[in-house]
Amino acid sequence: MISKNNFKNLIHKFSLKKLNEIKLYKNLHLNDECYLFGDGPSIKWFDLNNFNNKVGFTCGKIFYHKDYKKLNLKYLSIAEPFYFSPIFLMTHKRSGGNYEDTKGKLILKKDPLICNIKNKILNLNQISIFLNLSNFPFFLNKKNIIYLFKDIPNFQLIENIYKNNLHPFQGSMSFAIMILIYMGFKKIHLVGFDYYFDQPISGHWFEKGTGIKIELNDKKNELFFKLISDTVEIISITKDCKSRYTNSIEYSELCDNELKYRENSELCSEEDLNTFNQSAWHSYRI
């Protein structure tokens with residue numbers, strides 16, 4: 001049976017033309033500003049109407065938000081390799097809402113949430129989508145998908161990051177930021193990246209509750225932000241706190257309207273919440 005690494009190398013060999021499509025995006029947004037959306041619970045306090053004045057890019061699931069069409073959302077990325085493979089072999093090791101039910105278990109069946117995300121992607125025809133190359137066989141003939149594998153051609157910043165023993169494509173945030181810098185954005189506003197607040201918060205806007213305070217000694221991301229600081233300005237939009245690694249601004253200072261908390265059932269349809277709840281690997285608290 002062919003190994004994952006051999007399979008990825010085989011795909012890479014026959015996909016060089018496809019990988020070069022990223023070059024069409026080089027400096028496409030030179031000196032522009034953008035919003036990068038994560039999925040942190042702080043979004044439950046934010047009105048998305050306030051984030052439509054700049055290009056939007058998401059590396060999370062903001063497209064499940066009832067108000068996402070109010071955004072100027074142009075780009076979406078998913079860094080996970082083999083995320084859309086029909087053979088889903090994944091052991092659940094991280095904590096989550098159903099952790100005791102899934103801890104250490106090999107999940108063999110296709111996760112219903114991932115199937116749902118794929119169906120949504122197939123209908124996002126006006127958004128450019130960036131995926132790991134290993135997902136190429138599962139989206140044949142989908143023209144608005146751009147694939148990346150380990151690097152971006154002739155992009156010195158990525159080479160510098162590798163030299164510091166970091167892998168810029170292993171995390172959803174760093175994967176997205178590399179693409180945004182390549183596209184020429186001079187300023188990136190982070191929305192919903194609560195892990196990087198001075199009091200880190202775990203959880204998501206589509207989960208129930210306000211999130212969970214955690215301790216996070218995140219040296220890798222601290223170094224990542226330091227390495228890109230001379231290339232791009234990062235500003236985190238926060239709620240009642242500051243960012244640990246970047247400049248930040250309070251939502252209430254940035255926007256005219258007050259913070260207003262809404263529960264996940266107000267932000268996401270019942271059907272989509274049921275899909276999140278059925279995801280054994282992700283184990284969300286719905």
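**Note on the predicted model**

1. Just after helix α5, Asn165 takes a positive phi of about 60°. The model is a predicted one, and this backbone angle, like every other value below, is computed from it.

2. The helix before Asn165 is α5, residues 156-163. The buried residues of α5 are Leu157, Ile158 and Ile161. They lie on the same side of α5, because they cover an arc of only 100° around the axis. The partners of these buried residues are two other helices: they pack against α6 (172-182) and α7 (219-228).

3. For the chain as a whole, the secondary structure comes to ten helices and twelve strands. The chain has 286 residues, and 52% of them are buried. Among contacts between residues at least 6 apart in sequence, 64% join residues at least 24 apart. The exposed surface is about 14,500 Å², with 47% of it supplied by carbon and sulfur atoms.

4. Is Phe206 buried or exposed? Phe206 is in a loop, the one between β9 (201-202) and β10 (212-213). With a relative accessible area of 0%, Phe206 counts as buried, because the cut-off for buried is under 20%. Leaving aside residues up to four places away in sequence, Phe206 touches Asp39, Lys61, Asn264, Leu273, Phe276, Tyr284 and Ile286. The C-alpha atom of Phe206 is also separated by 8.0 Å from that of His65, although the two residues are 141 apart along the chain.

5. The structure holds nine salt bridges. Side chains of opposite charge can pair when their charged atoms come close. Three of the bridges are described in the points that follow.

6. Glu263 and Lys44 form a salt bridge in which the closest N and O atoms are 2.6 Å apart. Glu263 sits in the loop between α8 (251-254) and α9 (264-267), and Lys44 in the loop between β1 and β2, so the pair ties together parts that are 219 residues apart in sequence. Lys44 is buried, its relative accessible area being 0%.

7. Lys54 and Glu33 meet through their side chains in a salt bridge, at 3.9 Å from N to O. This pair links distant parts of the chain, 21 residues apart: Glu33 belongs to strand β1 (33-37), while Lys54 is in the loop between β1 and β2 (55-58). Lys54 is buried, at a relative accessible area of 17%. Glu33, at 25% relative accessibility, counts as partly exposed. The two residues fall in separate classes because the cut-off for buried is under 20%.

8. Which residue of the salt bridge between Asp240 and Lys239 is exposed, and which is buried? The side chains of this pair meet at 3.0 Å, N to O. Asp240 is exposed, with a relative accessible area of 59%, whereas Lys239 counts as buried at 18% relative accessibility.

9. Some salt bridges share partners, and these join Glu33, Lys54, Lys187 and Glu233 into one network. The bridge between Lys54 and Glu33 has both of its residues in that network.

Terms used. Residues numbered from 1 in each chain as written. Predicted model: local features only at pLDDT ≥ 70, side-chain atom pairs only at ≥ 80, totals over all residues. Heavy atoms only, no water. Buried < 20%, exposed > 50% of the residue type's maximum accessible area, 1.4 Å probe, protein only. Helix = DSSP H or I, 4+ residues; strand = E, 2+ residues; numbered from the N terminus. Arc of directions from axis to C-beta. Contact = heavy atoms within 4.5 Å. Salt bridge = Lys/Arg side-chain N within 4 Å of Asp/Glu carboxyl O. Areas by Shrake-Rupley, 256 points an atom, 1.4 Å probe, with all protein chains shown as cover.
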